[in-house]
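Hi everyone, thanks for making the time. I'd like to walk you through one model today, starting from a single side chain and working outwards.

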Amino acid sequence: MVYLDHTAFCGFGLLFDVFWYRMKFVSFEREQGKMERVEYIVPCHFGLESVLKKEIMDLGYEIVSVEDGRITFAGDVQAMCRANIFLRTAERVLIKVGSFHAETFEELFQGTKAIPWDHYIPKNGKFWVAKAASVKSKLFSPSDIQSIMKKAMVERMKAAYHVEWFDERGDAYPVRVFLMKDEVTVGLDTTGDSLHKRGYRKLTAKAPIAENLAAALIMLTPWKRDRILVDPFCGSGTIPIEAAMMAANMAPGINRSFTAETWSHLADRKCWYRAADEAESLIDMDVETDIQGYDMDDEMVTIARANARLAGVEQLIHFQRRGVEQLSHPKKYGFIITNPPYGERLEDKKNLAGLYGTIGERYRMLDSWSMYLITSYEKAEQAIGRKADKNRKLYNGMMKTYFYQFAGPKPTGGRRR
């Protein structure tokens with residue numbers, strides 16, 4: 001018989017308490033969906049990877065890889081909800097479900113079939129390959145890639161669920177696949193409509209800038225919410241609205257829904273409620289701002305005001321009808337952040353030099369200001385009359401553009417505004 005002295009017994013009791021509390025915590029983690037480490041793929045506009053990477057790190061997640069046009073990060077199930085609601089510059093959030101090498105359609109079929117689809121998609125789920133992209137790979141036909149992968153998914157799930165067909169009347173499970181140098185990466189789309197669709201822009205201009213690109217442009221500047229911001233080509237108001245949402249610390253996805261909200265077997269609804277509650281708690285509508293949007297078209301000004309109202313930031317922005325030739329401001333150290341016309345139509349191109357010349361003339365009158373503008377017009381610097389301090393190549397959709405950055409002096413002492 002083994003006897004334990006009082007000290008040993010107490011030590012054993014302490015270990016038991018620690019073990020009991022640890023098991024209780026693990027049980028809580030499992031209940032909250034935090035046990036599994038998940039990798040997420042987050043696409044973005046080409047050239048904005050560094051901005052998105054910082055956003056993800058600011059949310060507290062580990063970066064796994066950075067590639068052209070997308071970031072992969074690791075997190076728990078809650079990360080899926082928070083990323084969809086909080087990320088301003090992302091296009092969508094995908095659960096990485098598999099990756100493999102494929103140079104033939106047979107390899108593509110077998111690699112896709114090896115993915116445990118029944119872990120993600122229920123028997124009545126509606127599933128399809130929504131998009132296939134291929135770069136420098138032997139398999140390059142999107143339609144063939146989509147068809148082969150769909151067949152492989154069906155075969156895997158037939159074996160898992162012991163059925164011969166699927167009615168697919170349940171929730172949607174869109175799949176996206178990237179092929180890069182014959183390496184296949186497969187993601188399950190948790191977002192649905194692209195994240196640039198915040199839900200506030202019901203009316204648009206002729207050539208609107210995407211909301212996530214507008215947010216990224218602002219984040220590439222030193223602008224803060226206590227500084228002046230003017231967009232002299234505001235159109236439907238996207239840049240001022242995104243700036244106002246940042247100033248109020250309003251999450252971009254707070255007023256929209258996401259495909260994965262119904263995937264209760266992967267993420268409990270409580271995960272979405274917690275992320276939404278967190279976003280609501282951070283909003284500060286008492287912030288003082290000086291954000292202005294101008295446009296020479298009365299209809300555009302009306303549309304911009306309506307969009308700002310839908311976004312919930314109408315009181316933080318002043319819109320008015322004003323042409324760029326009237327651009328002025330009595331205060332110092334402001335920011336011009338804008339998306340002027342590119343002259344894509346032939347009849348507009350002949351007017352571009354004069355338009356950008358006017359931009360340069362008005363900017364010189366604001367001698368302490370900084371100016372940031374995105375355009376595909378390659379002679380913009382020449383017409384403005386000043387070489388940009390920085391020039392960043394970005395893609396606005398499939399169009400190559402340049403983000404010209406003209407830095408003004410830093411404020412010296414006192415209130416910036």
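**Starting from arginine 82**

Leaving aside residues up to four places away in sequence, arginine 82 touches Leu59, Tyr61, Leu87, Ala275 and Glu278. Before I go on, please keep in mind that this is a predicted model. So where does arginine 82 sit? You'll find arginine 82 in helix 3, which covers residues 77–86. Is arginine 82 buried or exposed? Its relative accessibility is 14%, and the cut-off for buried is under 20%, so arginine 82 counts as buried.

What does the side chain of arginine 82 reach? It gets to the backbone oxygen of leucine 59, at 3.0 Å. The charged end of arginine 82 also sits over the ring of phenylalanine 86, 5.7 Å from the ring centre. There is another case of a charge over a ring elsewhere: the charged end of lysine 150 lies over the ring of phenylalanine 127, 3.9 Å from its centre.

**The aromatic neighbours**

One of the residues that arginine 82 touches is Tyr61, and that takes us to the rings. How many aromatic pairs does a search of the whole structure find? The search gives 11. Let me pick out tyrosine 61 and phenylalanine 73: their ring centres are 5.4 Å apart and their planes are at 35°, so this pair is tilted. For the angle, planes under 30 degrees apart would count as stacked and over 60 as edge-to-face. The pair links distant parts of the chain, with the two positions 12 residues apart in numbering terms: tyrosine 61 is in the loop between helix 2 (49–58) and strand 2 (62–67), while phenylalanine 73 is in strand 3 (residues 70–75). Both tyrosine 61 and phenylalanine 73 are buried. Add Tyr40, and you have one aromatic cluster made of Tyr40, Tyr61 and Phe73.

**Strands 11 to 14**

Now let's move along the chain to some strands. Strand 12 (residues 370–375) is mostly covered, with six of its six residues buried. Which way do the side chains go? Ser370, Tyr372 and Ile374 point one way from strand 12, Met371, Leu373 and Thr375 point the other way, and all are buried.

What does strand 12 pair with? Strand 11 (residues 335–338) runs parallel to strand 12, and four bridges join them. Within that pairing, threonine 338 stands opposite leucine 373. Strand 14 (residues 399–406) pairs with strand 12 in the antiparallel sense, over five bridges. Here leucine 373 stands opposite tyrosine 404, and isoleucine 374 has phenylalanine 403 as its bridge partner. So leucine 373 is a handy residue to click on if you want to see both pairings, with threonine 338 and with tyrosine 404.

Strand 14 itself has six of its eight residues buried, so it is largely enclosed by the rest of the structure. Strand 14 also pairs with strand 13 (residues 390–396), antiparallel and over seven bridges. In that pairing, leucine 394 has threonine 401 as its bridge partner. The hairpin of strand 13 and strand 14 has two residues between the strands, and glycine 397 there takes a positive phi near 70°.

**Two more positive phi values**

Most residues other than glycine have a negative phi. Which residues here have a positive phi although they are not glycine? One of them is lysine 136, at about 55°, and another is asparagine 249, at about 60°. Lysine 136 lies in the loop between strand 5 (126–135) and helix 6, and it is exposed, with a relative accessible area of 66%. Asparagine 249 lies in the loop between helix 8 (238–247) and helix 9 (269–282), and it is partly exposed, at 37%.

**Helix 4, and the whole chain**

One last stop is helix 4 (residues 105–113), where Leu108, Phe109, Gly111 and Thr112 are buried. What do the buried residues of helix 4 pack against? They pack against strand 4 (94–101), helix 5 (117–120), helix 6 (142–161) and strand 7 (183–189).

Zooming out, the protein has 12 helices and 14 strands, and 50% of its 417 residues count as buried. Among contacts with a separation of 6 or more, 77% are between residues 24 or more positions apart. The accessible surface comes to about 21,100 Å², and 53% of that belongs to carbon and sulfur atoms.

That's my tour. Thanks for listening!

How values were computed:
Residues are numbered from 1 along each chain as its sequence is written. This is a predicted model: local features need pLDDT of at least 70, side-chain atom pairs count only at pLDDT 80 or more; totals for chains, interfaces and linings use all residues. Side-chain values use heavy atoms; hydrogens and water are left out. Rings of Phe, Tyr and Trp (its six-membered ring) pair if their centres lie within 6.5 Å; planes under 30 degrees apart count as stacked, over 60 as edge-to-face and the rest as tilted. Buried means under 20% relative accessible area, exposed over 50%, partly exposed in between (1.4 Å probe, protein chains only). A charge sits over a ring if NZ of Lys or CZ of Arg is within 6 Å of the ring centre and within 35 degrees of the ring normal. A polar contact is a pair of N or O atoms within 3.5 Å; within protein, one must be able to donate a hydrogen and the other to accept it, and residues adjacent in sequence count only if both atoms are side-chain atoms. Contact means heavy atoms within 4.5 Å. Accessible areas come from the Shrake-Rupley method with a 1.4 Å probe; for residues, only the protein chains shown count as cover. Two strands pair if DSSP finds at least two bridges between them.
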